[in-house]
Amino acid sequence: MHRKFRLNKRKNLFTEQVAEHWHRLPREAVESPSLGIFRNSMAMFLPRAMCSGGPCLGRKAGPATPPPCPRRALRRATWAAGGAGPGRAVSGPVPVLRLRGGRADGAAMERGGDTAGWRLRATAAQRDRRRPPPRDDGDRGAGGKKQGGRRPLLPLSEARGAPLVLLYLLGLRALAQVSHRQLLSRSPAAAGPREFSASRAREYLDNITAIGPRTVGSPENEVLAVNYLLEQIRGIERESTDAHKISVDIQRPTGSFSIDFLGGFTSYYANITNVVVKLEPRSGAEHAVLSNCHFDSVPNTPGASDDAVSCAVMLEILNTLSKSSEPLQHAVIFLFNGAEENILQASHGFITQHEWAKSIRAFINLEAAGVGGKELVFQTGPENPWLVQAYVVAAKHPFASVVAQEIFQSGIIPADTDFRIYRDFGNVPGIDLAFIENGYIYHTEYDTSDRILTDSIQRAGDNILAVLKYLATSEKLAKSFEYRHGNVVFFDIFGLFVLAYPARVGTVMNYITAAIAFFYLSKKILQPKPRAVHNLKKLLAAFSLTLTSWVCTLVAVLMVAMFVSIIGRALSWYTHFYVSVSLYGTAAAAKLILVHVLAKKFFYKNVSEQYLGDVFFDASLMIWSIALAVMTQMGVCSAFICTLWVAFPLLTKLMIHKEFSQKGATMKFIVMYMLGMFVPYLYMLYLSWTVFEMFTPVMGRSGSEIPPDMVLAGFIVIFTMILSSYFINFIYLVKSTKTTLVTLTTVFVVTLILVCSGIFFPYSSDAANPKPKRVFLQHTSRRFHDLDGNVVKSDSGIWINGFDYNGISHITPHVPEINDTIRTPCEEQAPFCGLPWILPVHFMFRKNWYLPAPEILPRSPIHFKLLSKKLMPWNSLRLNFEVSGPSHMSLYARPRAGAALSRWSLGDGVPVASLGGDYFVFYSHGLHAAPWHFWVELTAPEKHSDGIVSLAIAAHYFFGEDQKSPQLYALLERFPNWTFSSGWSCTYDLFVF
């Protein structure tokens with residue numbers, strides 16, 4: 001009995017005390033038969049007692065409407081609910097009459113919204129005394145409205161929620177995988193003479209790769225490959241129709257240019273080879289579209305994907321177009337360039353020196369960053385949206401993404417293509433395509449023609465042939481300058497078609513989408529002041545907590561990656577990608593969930609699950625809306641991704657709001673929610689496949705300074721944060737996440753133990769799917785000269801560079817003499833540490849090894865001469881040099897303290913310094929090149945007794961009898977079969993002037 005009970009029934013209502021204590025009894029007691037009878041009897045007695053003293057409480061008596069007795073109302077409600085009337089047996093739950101005390105002006109009786117009985121409202125003071133501790137917004141629905149007497153909504157079951165989310169993501173991942181693996185939309189029929197034939201292209205490919213490695217300057221590249229191309233072109237010319245005219249030219253250009261690739265350097269080439277073919281109408285053509293490939297390869301590799309397959313495709317396209325009876329409106333120029341691997345030299349020679357280059361209005365460049373698969377359009381323009389539209393209209397099997405374009409042009413991937421040369425030196429717009437699958441064997445001996453699927457060749461040929469035909473018959477090609485302005489947002493929809501629209505249209509769409517989202521969020525803030533402040537605080541708290549959870553997750557996972565790297569287990573996932581997901585993906589998910597579980601337990605102790613689920617959805621929507629506005633303001637075309645992650649979730653929220661607010665996280669709600677999120681989640685998983693397919697193999701050749709585990713862990717955390725952004729609210733909707741946390745933690749701990757034990761070996765020699773470790777070995781002889789030309793120091797050894805973060809730690813057990821005791825010292829007084837770098841990548845490979853070996857004596861040694869010194873105006877000195885040697889040489893320069901390199905005869909005349917301040921010149925030549933002559937001008941305010949500049953020259957022997965010494969051969973034979981070890985001989989000479 002209540003402690004303040006008094007017998008004044010009109011003010012304190014004895015009945016309310018009975019009802020209040022009655023509802024505090026356990027369910028087992030309430031539902032017992034004897035208590036059910038007692039409850040029914042009390043329900044009959046109380047209304048009779050209340051009406052016995054006069055008019056019924058809570059109703060104002062009036063002449064026209066006599067107050068009804070609550071007893072009759074109770075009976076009607078009891079019978080309507082199927083309960084027992086007076087004198088009947090109680091067979092089920094009976095509506096309970098809950099009567100609450102009167103107010104200052106008398107008690108009021110009202111019909112309850114959730115019961116079949118009547119309630120009497122109590123005074124505010126009485127309600128405050130009886131009310132339990134408040135749950136912050138726990139009595140409010142998803143929209144912030146009070147639920148009144150509605151039964152509390154049951155929380156989402158973890159046993160249902162977690163498996164559903166997992167199956168949902170795995171299902172979408174499977175769909176993305178199927179889309180990427182399907183190369184052709186339908187099986188190709190037998191190709192006729194006027195259709196692209198993958199079988200004929202494969203025959204070309206097999207014959208080109210059968211020549212062997214095609215290094216610039218070698219007979220294989222300069223003679224055998226060129227002769228084969230000419231033979232096939234002449235055969236195509238003989239079978240062409242009268243509608244076309246085919247012209248062939250062999251170009252051997254000499255030139256120089258500077259480029260900011262790899263930190264910046266200057267390139268010089270002499271007498272390299274280009275095979276150029278022009279297909280045009282019989283009457284000729286003023287304008288042309290260019291198709292470019294390269295037939296040279298890096299040393300010691302067959303170069304099937306990079307780039308013999310592209311040249312094979314171009315030969316077949318030339319064959320197909322030449323047999324067409326319909327003449328083209330514009331010319332098509334096919335450039336088979338012979339020096340792309342020498343950092344884009346042949347394309348520069350063509351676009352700056354060939355007479356046909358002036359007629360080119362657009363180009364298509366065919367490249368590779370992997371072996372087979374789909375060819376990705378990863379660069380277009382600059383500007384010229386009509387080119388993207390041409391691909392959209394013509395390509396039969398589209399695969400394109402502006403995201404890939406912005407990633408590639410950011411410089412994250414250490415690679416470049418001829419696209420840069422045509423864009424920067426030819427001022428020509430174009431389309432850049434590349435095979436990206438299986439980059440593990442890119443630029444290795446495993447890059448053979450049999451690893452390239454016929455369907456890959458067919459889809460590439462279908463696409464390029466269709467786009468070239470479209471451009472060669474387009475009116476816009478001749479007037480391309482009129483359509484050049486404006487960027488384009490483009491992306492394929494799961495390989496089915498490409499969606500492309502002007503960037504300015506995308507900007508408007510993005511801002512409108514962000515504005516709608518902000519308007520939706522503002523509706524919860526534009527309320528009466530107390531509620532507005534409350535809602536704003538809760539939204540900002542959820543926003544801050546979500547960002548905090550992401551930061552904590554990133555830091556925690558990066559710490560795990562750093563630990564794995566420190567203990568020497570980096571790249572454990574290189575052969576087994578699932579290891580990275582089991583290690584870093586589970587750690588990221590567990591940490592993310594843990595942060596929110598702790599917040600739910602300590603910070604949101606008295607807040608309803610339904611309200612929390614709603615506010616954290618709004619917080620994620622707010623994050624994506626801000627990201628959308630910021631990226632759009634920055635001009636990032638990839639902001640369309642944020643548009644997907646704002647528009648679809650917002651539409652989903654509006655569609656399921658009623659279901660969620662009334663019934664909570666029901667199965668219907670979950671299904672509708674996941675269906676609404678289908679498009680953004682499927683596209684993100686589709687995009688993630690492309691990103692990981694490109695980046696994971698790159699980690700095996702990214703150098704010794706970048707911890708690959710931290711890079712990959714960062715990517716995995718980013719995608720985990722993205723994919724979790726609209727499932728964070730599920731953490732608050734479920735009653736517990738204990739099982740999920742335990743499962744994720746167990747998988748993480750087990751995987752970490754296995755990784756630390758070394759059970760996951762990074763590399764593989766599997767014949768079907770090799771993933772080798774890359775190692776470069778140079779048998780080097782070095783000589784250091786003083787100012788008088790005397791040799792003051794010399795040594796000889798095999799210089800070893802491991803291309804990944806693990807260095808030579810896995811090789812030492814197989815070749816014990818290669819260990820950390822022979823780390824290469826840096827010669828501080830010499831440019832680039834006195835080492836014979838073939839390219840200026842010293843900042844990527846600071847850890848290398850120098851194994852002493854006998855001196856090498858090449859049969860074709862280098863000759864480096866100072867021809868003259870000449871004093872120039874403005875206190876500068878010009879030094880003239882002559883160099884002769886093998887096809888590949890590197891020149892390094894470092895002015896002494898107080899001196900400066902002001903001009904030279906290379907590039908555009910302005911010296912370009914590499915990272916670290918030294919100057920690097922890459923030189924190559926084809927067959928029968930004349931000696932290389934160049935000059936440099938230096939300024940010095942005063943005389944230097946120890947000279948004003950250090951110049952070093954390195955000669956690299958990539959082919960022929962000088963390529964490998966017996967000692968190098970013997971060492972290479974001892975390397976394990978899971979390595980790709982590329983070796984050559986070189987000499988290094990340092991001079992002071």
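Helices (H or I, at least four residues) and strands (E, at least two) are taken here as DSSP runs, numbered from the N terminus. With that in hand, P861 can be placed in the loop between β17 and β18 (863-872). The structure is a predicted model, in which local features need pLDDT of at least 70 and side-chain atom pairs count only at pLDDT 80 or more, while totals for chains, interfaces and linings use all residues. Residues are numbered from 1 along each chain as its sequence is written, and side-chain values use heavy atoms, with hydrogens and water left out.

The protein chain holds 26 helices and 25 strands. Of its 993 residues, 57% count as buried (under 20% relative accessible area, with exposed meaning over 50% and partly exposed in between, for a 1.4 Å probe and protein chains only). Contacts (heavy atoms within 4.5 Å) reach well along the sequence: among those in the protein chain with a separation of 6 or more, 80% come from residues 24 or more positions apart.

P861 itself offers a convenient local view. P861 counts as partly exposed because its relative accessibility is 39%. Leaving aside residues up to four places away in sequence, P861 touches S884, G885 and Y957. P861 and A955 are separated by 94 residues in sequence, yet their C-alpha atoms are 8.1 Å apart in space.

The strand β17, which precedes the loop of P861, belongs to an open sheet of nine strands with mixed pairing. Two strands are said to pair if DSSP finds at least two bridges between them. The order across this sheet is β5-β6-β22-β20-β24-β25-β15-β16-β17. Its edge strands, each pairing on one side only, are β5 (255-259) and β17 (849-852). From one strand to the next the twist averages 25 degrees (axes are lines fitted to C-alpha atoms, for helices over the stretch in contact, and angles run from 0 to 180 degrees between N-to-C directions). At the β5 edge, β5 and β6 (residues 265-270) run antiparallel and are joined by five bridges. Within this pair, S258 stands opposite T266 in β6. Helix α10 (residues 345-353) lies across β5, β6 and β22 (919-925), at about 75 degrees to β6. Helix α26 (residues 966-974) also packs on the sheet, where α26 touches β15 (773-785), β16 (791-802), β17 and β25 (979-992). The direction of α26 makes about 155 degrees with that of β15.

A second open sheet to consider has seven strands in the order β4-β7-β9-β8-β10-β12-β11, again with mixed pairing. Here the edge strands are β4 (244-251) and β11, each pairing on one side only. The twist in this sheet averages 15 degrees from one strand to the next. At one edge, β4 and β7 (residues 274-281) pair in the antiparallel sense over eight bridges, with K245 opposite E280 in β7.

Further across, β8 (residues 288-294) pairs with β10 in the parallel sense over five bridges, and the partner of V289 in β10 is A362. Strand β10 (residues 360-368) is mostly covered, with eight of its nine residues buried. On to β12, β10 runs parallel and is joined by six bridges, including one between F363 and G430 of β12. Edge strand β11 (residues 375-381) is mostly covered as well, as seven of its seven residues are buried. Six bridges join β11 to β12 (residues 430-435) in an antiparallel arrangement, in which T380 stands opposite I431. Helix α11 (residues 385-394) lies across β10, β11 and β12, running at about 50 degrees to β12.

Attention now turns to a pocket. On a 1 Å grid over the protein atoms alone, a pocket is an open set of points where a 1.4 Å probe fits, with protein on both sides within 12 Å along at least five of seven lines, and lining residues have an atom within 4 Å of a point. The second largest pocket contains about 1700 Å³ of space (grid points are joined across faces, edges and corners, and the volume is the space filled by probe spheres set on the points). Its lining has 47 residues, and L166, L169, L170, V581 and L723 lie nearest the centre. Among the elements giving two or more residues to this lining are α6 (158-181), α18 (577-603) and α23 (708-724). The largest share, 11 residues, comes from α6. By class, the lining has 26 nonpolar, 15 polar and six charged residues (Ala, Val, Leu, Ile, Met, Phe, Trp, Tyr, Cys and Pro count as nonpolar, Asp, Glu, Lys and Arg as charged, and the others, Gly among them, as polar).
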